[in-house]
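Visitor: Could you take me on a close look at a single part of this one? I'd like to see the spot where the ligand sits.

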Amino acid sequence: MTTLTFESLNPATGQVIGSHPKQSAQAVHEAVGRAETAAAWWDRLGHAGRRRRLLDYKAVVTRHLRELAELVHQETGKPVADASLELVLAITHLDWAARNAPKVLGRRRVSSGMLGVNLAATLEYLPLGVVGVIGPWNYPVFTPMGSIAYALAAGNAVVFKPSELTPGIGVRLAELFTESVPEHPVFQTVTGLGETGAFLARDPRVKKIAFTGSTATAKRVMAACAENLTPMVAECGGKDAFIVDADADLKAAADACLWGALSNAGQTCVGVERVYVVDAVYAPFMRELSERAASIRAGEHYGPITMPGQLDIIRRHIDDATASGKAIMGGTDSVRAPFVDPVIVEDVPEDSPSVREETFGPTITVRRTRDAQEALELANASAYGLAGTVFARDARRAMELARAMRSGMTAVNSVISFAGVPALPFGGVGDSGFGRIHGADGLREFTRPKAISRQRFALPGMNLTSFTRGPEELERLIKLVTFLHGRRKR
Ligand code: NDP
């Protein structure tokens, strides 16, 4: 039987980079079968064994950083420097997951409470078995590694389906893993189009799917997972807001805003798309923003739009924004496929598609608000809730705004900084999805809690879970509970 293949292209030049198999249902089935055996072996290695091998894998990835960054550059078009930064972040997460899994997930005693004084209660977090990871193309190392590293550290085997736009880097990451773990295919990559991902999601032996991609695809994957009651992490899109308060450092805010909006050509799930600036500093902030943006060019400071189809959405949003708002920089002419120059539009109505829908391009809408409270209300009036930014000098006020922002993550006086802190969980609310990668929550996401209560001795006169129990035992219990819980505390 001949295997069908597909090609990955350099989006900047159209040049073919590699050819990969479109893996069939049978091929995915076989990969999951191999992963099941590997998972049992990996689990038996225990925390110490896995920690050692994952730290070794981290060292292998680090030694191949330049080669991997070049491959990411080829497949996505992003500058090599940005691809290198992405790899550094992924390495940091791999390190954190490997080092912290034993402490976060390992067996520990927990208090058994007053009524359970005769019990020893233990809790540990056990691996699920095989985890399927379905990844996007925009950060083809950092994003899936947020699931892969944490799932592996938690003791699972991983079958990874990278985006059809970035299969080569997905294959290479799994190949390098065999240098550290040659015995069993604990981490495999399967390549193909969307249907290969669907085969993975429908396989009943996959115990969890970690999906990162668009909200629309997440719904399809969730429907496939529902067939087997397979749980899922959904890391979806965003329409992140950036709030500038009256006391903000405007130079720093403008600089961070442009990086957050334009780096990776705006193809960042936690990228800045909506900017809300309080009236008191609106004019000076806009001056700062426009001056700095004037020197930023697509093809020089950031790469092309990776997915050709996205250009239509970006163009539609630019048309929509400039029809109802005022263009400060750029417009429809900024689209020079496959590149898009920076576009800044102000006063776009909040109910416009360009303010409500994810654009995933180097464009921002800016709005003047009465005060920070109004900025917060507008920021929160979105179906998405992934991340966001607050710029304010008063740390107490900044923290208040950040906490009230309806999002999974907020950066204060910096942009996207939470992504580089491995101890912080990453994930959204609403249309941005559910579940968490990164941090202790990200480790627990790929486990099942195992609770054990062991009776150490029988409590005299308190054998409550027995048909031999007499009314006096229940009476004693009610008296005890009334003593412990019956008083109203002031
Ligand atoms: P897509 O939703 O198009 O694809 C995501 C992945 O799902 C790809 O591997 C894709 O394969 C696969 N897929 C497609 N159809 C199916 C299916 N029916 N069953 C199973 N898998 C399927 O997203 P993009 O790759 O375009 O990524 C961009 C999106 O990702 C943006 O919305 C962005 O905001 C979001 N994102 C979210 C992040 C987060 O952490 N919250 C981080 C990074 C991106 P194929 O490519 O072969 O079609």
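Which helices and strands each supply at least two residues of the shell around the ligand?

Guide: Some ground rules come before the tour. This is a predicted model, so to speak: local features need pLDDT of at least 70, side-chain atom pairs count only at pLDDT 80 or more, and totals for chains, interfaces and linings use all residues. Residues are numbered from 1 along each chain as its sequence is written, and side-chain values use heavy atoms, with hydrogens and water left out.

Now to your question: α6 (194-202), β8 (206-212) and α7 (215-226) each supply at least two residues of that shell. Helices (H or I, at least four residues) and strands (E, at least two) are DSSP runs, numbered from the N terminus. The largest share, 3 residues, comes from α6.

The ligand has 29 residues around it, where being near takes a heavy atom within 4 Å. Those that come nearest are G135, E164, S214, T217 and E358. Sorted by kind, the shell holds 13 nonpolar, 12 polar and 4 charged residues. For that sorting, Ala, Val, Leu, Ile, Met, Phe, Trp, Tyr, Cys and Pro are nonpolar, Asp, Glu, Lys and Arg are charged, and the others, Gly among them, are polar.

Next, look at the backbone. At G135, a polar backbone atom is 2.7 Å from an oxygen atom of the ligand. Two nitrogen contacts are worth finding as well: a backbone N or O atom of C236 lies 2.8 Å from a ligand nitrogen, and one of A198 lies 3.4 Å from a ligand nitrogen. A polar contact here is a pair of N or O atoms within 3.5 Å. Taken alone, the ligand exposes 910 Å², and the protein buries 90% of that; these areas come from the Shrake-Rupley method with a 1.4 Å probe.

What about the space itself? The ligand takes up the largest pocket. A pocket is an open set of points on a 1 Å grid over the protein atoms alone, with protein on both sides within 12 Å along at least five of seven lines, and a molecule sits in one if more than half of its atoms lie within 2 Å of its grid points.

Finally, step back to the whole chain, with its 15 helices and 22 strands. Its C-alpha trace spans about 85 × 70 × 40 Å along the principal axes.

Conventions: A polar contact is a pair of N or O atoms within 3.5 Å; within protein, one must be able to donate a hydrogen and the other to accept it, and residues adjacent in sequence count only if both atoms are side-chain atoms. On a 1 Å grid over the protein atoms alone, a cavity is a set of points where a 1.4 Å probe fits but cannot get out, and a pocket is an open set with protein on both sides within 12 Å along at least five of seven lines; lining residues have an atom within 4 Å of a point.
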